[in-house]
Amino acid sequence: MAKTRCGRILGEDIYIEEGDTTTLYFINQLRAYQVVLVALKALDQDICHDGCSLPSTVNKVIKRLGKLKNDLEASDVAAEKKESLLSKIDSFLADVSRLPQDISQTCRKSAGECVMGSGCFATGALNLIKEITEPKALKI
Amino acid sequence: MQTEVLENQIRGLSIVLGALQAATGEICKSCLNLEGAKIKVGKMVKKLGMDLDTASICCEKTKADLQARIDSFSKAAEELEVAEECECQKTAGNCKLGAECFVTAAVDLMKLVQ
C-alpha cells in the first residue's frame, strides 16, 4: 500500500499507509503537542511562571499525554510505528514535566501583574490542540 | 502608547514566535501558511518597534529593555526557516489534521491581548 508523509515530529518525517486513520490520529495529536509544548516553554519565561494557569495547563498536558500513551499502547498501530510514537510521547512527557506544576500559586491577573485582558496565553496555547479536527477521537 | 500595552504585545509575540519556531520543525516548514505567518509576524514586530519609538516612556532603561526584546523578536522572525518553494501542505496531501491550521491559530494567539 502507498505510504504518504503526514507530519514531522522531533525531526523525523512520519509516513503512514493511505487510510490508516488510527495511526494518523496519534500522529496528529503529537504534531499539535509539539507546538503546544514550545508555546508553554515560552510562557515559562513569562510572568506565567509564577501563576497558576501555566501549572494547571502543564498538569492537563501531562494527563492527556498519559492518556494518549495508554490509548496508543492499547491500539492496533503496527508495532514498529507504535514504539517510535511511544518514544516521542515519552520525550514530550519528559519535556513538559520540567515545567511548573504547582497550582497553589496566585493567578497573575489576581495578583495584578497580568493586565492583558480576560484572555489567557496558557489556555490559548492548550487550545491549539483543538485545531485538530480529523480523524475523530478514537474509541478505545 | 502606554508601556503596559507594549509589554502585553511583547508577551504575546514571544509565545507566537515560539509556536512558529516549533512549526518550522514540522511539515509546516514547506507550507504557504507558515510563509504568510512569518511575513505577518515580521510586520507585527516592525509596528511594535514604531509604537515604541513614539511611546511616551520616561524611563530610558525601560525603553531600552523593550527595544532589546523587540530587536530579538525581529531577529527570531527573520530566522524562521521556511522552504524556498512553499505550498499549502493540505493541498499537497501531507497535512491531514482537518480544516484548521496550527500556524494560523498560533498567530491568532495575539488576539488574546486586548
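Me: The expected span of a helix is 1.5 Å times one less than its number of residues. What span should helix α2 of chain A have, and how far apart are its end C-alpha atoms?

Reply: This is a predicted model, in which local features need pLDDT of at least 70, side-chain atom pairs count only at pLDDT 80 or more, and totals for chains, interfaces and linings use all residues. Residues are numbered from 1 along each chain as its sequence is written, while chains are lettered from A and ligands numbered from 1 in the order in which they are written. Helix α2(A) covers residues 53–74, 22 residues, so 32 Å is expected, and its end C-alpha atoms are 31 Å apart, which agrees.

Me: What makes a stretch of chain a helix or a strand?

Reply: Helices (H or I, at least four residues) and strands (E, at least two) are DSSP runs, numbered from the N terminus. Chain A has four helices and two strands, in the order β-β-α-α-α-α from the N terminus.

Me: What span should helix α2 of chain B have?

Reply: That helix holds 23 residues (32–54), so the expected span is 33 Å; the end C-alpha atoms are 33 Å apart, in agreement.

Me: Why are some residues called buried, and which ones are they in α2(A)?

Reply: A residue is buried if 20 or more other C-beta atoms, placed from the backbone, lie within 10 Å of its own C-beta atom; 12 or fewer makes it exposed, and anything in between partly exposed. In α2(A) the buried ones include A:V61, A:L65, A:L68 and A:L72. They pack against α1 (21–44), α3 (79–96) and α4 (121–126) of chain A. In α2(B), B:V41, B:V45 and B:L48 are among the buried residues. Of the 140 residues in chain A, 41% are buried.

Me: What makes a set of residues a nonpolar core?

Reply: Its members are buried Ala, Val, Leu, Ile, Met, Phe, Trp, Tyr and Cys residues joined through C-beta atoms within 7 Å. The largest such core here has 69 residues, and A:V35 and B:A106 are among those with the most contacts inside it. Helix α1(A) gives the most to this core, 15 residues.

Me: How do you know that two residues are in contact, and how many residues of chain A are in contact with chain B?

Reply: Contact means that their C-beta atoms, placed from the backbone, lie within 7 Å. By that test, 32 residues of chain A are in contact with 28 residues of chain B. Helix α1(A) gives the most to this side of chain A, with eleven residues. B:A106 touches A:V35 and A:L128, among others.

Me: Why are β1(A) and β2(A) called paired strands?

Reply: Two strands pair if DSSP finds at least two bridges between them. Strands β1(A) and β2(A) (residues 12–17) have six bridges, in the antiparallel sense, so they meet the cut-off. A:T4 has A:I16 as its bridge partner in β2(A). Two residues lie between the strands of this hairpin, where A:L10 takes a positive phi near 50°.

Me: What confidence does the predictor give to chain B and to the complex?

Reply: pLDDT is the predictor's confidence in each residue, from 0 to 100. Chain B averages 94, and 99% of its residues score at least 70. The complex has an ipTM of 0.87 and a pTM of 0.91.

Terms used
Lists of a residue's contacts leave out its neighbours within four places in sequence.
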